Amino acid sequence: MNRVTDQHASFENSDAAPEQDRDTKRSMLRGWRRKCPHCGSGPLMKSYLKVNDVCSVCREELYHHRADDGPAYLTILFVGHLMAPLLHVAFVTWRPEPLTLFTIFAVGCVALSLYLLPRLKGAIVGYQWARGMGGFGA
């Protein structure tokens, strides 16, 4: 009985109820698209990697995020695990000149890193928002 009243009291708090409804997968997908994890229509970023303090559409506060180095580590992990086998296959199959191989894969690594970095940051911010991590839960 006491547990039920405590649970009911927590839902009466206006901040506690919406956190139960935050879908992690949807929020991360919205972040991947660089949109607000709450409404999905406002821009998440105001520049390449700078997150808006507040969503311009739904007014959700986004300054609580703590992505830090996570997006960079994930980018390195994904690019490395994708490009290293491709490098091996390209070398064994076609035996190109080393300078040609280096040039193609250097450009590929940089391009893939630049593509993934803001999207992974958005996904991490979306995950943090959905789970109520940091200041998002308060």
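# A chat about a five-helix chain

Guide: Buried residues make up 30% of the 138 residues in this chain. The model is a predicted one.

Visitor: How many helices and strands are there in the chain?

Guide: The chain has five helices and zero strands. Read from the N terminus, its elements run α-α-α-α-α.

Visitor: How much area does the chain expose?

Guide: About 9,100 Å², and carbon and sulfur atoms supply 61% of that.

Visitor: What share of the contacts join residues at least 24 apart?

Guide: Counting contacts between residues at least 6 apart in sequence, the share is 56%.

Visitor: Now the inside. Which residues make up the largest nonpolar core?

Guide: There are 10 residues in that core: Cys36, Leu44, Met45, Val51, Cys55, Leu62, Val125, Trp129, Ala130 and Phe136.

Visitor: Take Val125. What is it in contact with, leaving aside neighbours within four places in sequence?

Guide: Val125 is in contact with Leu44, Val51, His65 and Phe136. Another core lies apart from the largest one. That other core has seven residues, including Ala90, Leu101, Phe105 and Leu116.

Visitor: Leu116 again: which residues does Thr75 contact, with the same neighbours left out?

Guide: Thr75 is in contact with Ser113, Leu116, Leu117 and Leu120. Thr75 itself sits in helix H4.

Visitor: Is Thr75 buried or exposed?

Guide: Thr75 is buried, because its relative accessible area is 5% and the cut-off for buried is under 20%.

Visitor: Different topic. How many disulfides does the structure hold?

Guide: Zero. Cys39, for instance, is in no disulfide; the nearest cysteine sulfur belongs to Cys55 and is 3.7 Å away.

Visitor: And why is the sulfur of Cys58 too far from Cys55 for a bond?

Guide: The closest cysteine sulfur to that of Cys58 is in Cys55, 3.6 Å away. A disulfide needs the two sulfur atoms within 2.5 Å, so there is no bond between them.

Visitor: What is a disulfide, anyway?

Guide: It is a covalent bond that links the sulfur atoms of two cysteines.

Visitor: Are Cys39 and Cys58 buried or exposed?

Guide: Neither word fits. Cys39 counts as partly exposed at 26% relative accessibility, and Cys58 is partly exposed with a relative accessible area of 26%.

Visitor: Where does Gly40 lie?

Guide: Gly40 lies in the loop between H3 and H4. Gly40 is buried, with a relative accessible area of 15%.

Visitor: What does Gly40 touch, beyond its neighbours within four places?

Guide: Gly40 is in contact with Arg30, Arg33 and Lys35. As for Ser27, 13 residues from Gly40 along the chain, the C-alpha atoms of the two are separated by 8.0 Å.

Visitor: Where is Tyr63 found?

Guide: In the loop that runs between helix H3 (24–32) and helix H4 (70–94). Tyr63 counts as partly exposed, at 42% relative accessibility.

Visitor: Which residues does Tyr63 touch, not counting those up to four places away?

Guide: Tyr63 touches Asn52 and Asp53. Asp53 is 10 residues from Tyr63 along the chain, and their C-alpha atoms are separated by 4.5 Å.

Visitor: Last one, the surface. Which residues form a nonpolar patch there?

Guide: Met28, Tyr127 and Met133 form one, with about 240 Å² of accessible area together. Of these, Tyr127 is found in helix H5 (residues 98–131). Tyr127 is partly exposed, with a relative accessible area of 33%.

Methods. Residues are numbered from 1 along each chain as its sequence is written. This is a predicted model: local features need pLDDT of at least 70, side-chain atom pairs count only at pLDDT 80 or more; totals for chains, interfaces and linings use all residues. Side-chain values use heavy atoms; hydrogens and water are left out. Helices (H or I, at least four residues) and strands (E, at least two) are DSSP runs, numbered from the N terminus. Buried means under 20% relative accessible area, exposed over 50%, partly exposed in between (1.4 Å probe, protein chains only). Contact means heavy atoms within 4.5 Å. Patches are made of residues with over 30% relative accessible area and no salt bridge: like charges are joined within 9 Å, nonpolar side chains (Val, Leu, Ile, Met, Phe, Trp, Tyr) within 5 Å. Accessible areas come from the Shrake-Rupley method with a 1.4 Å probe; for residues, only the protein chains shown count as cover. A salt bridge is a side-chain nitrogen of Lys or Arg within 4 Å of a carboxyl oxygen of Asp or Glu. A nonpolar core is a set of buried Ala, Val, Leu, Ile, Met, Phe, Trp, Tyr and Cys residues joined through side-chain atoms within 4.5 Å.
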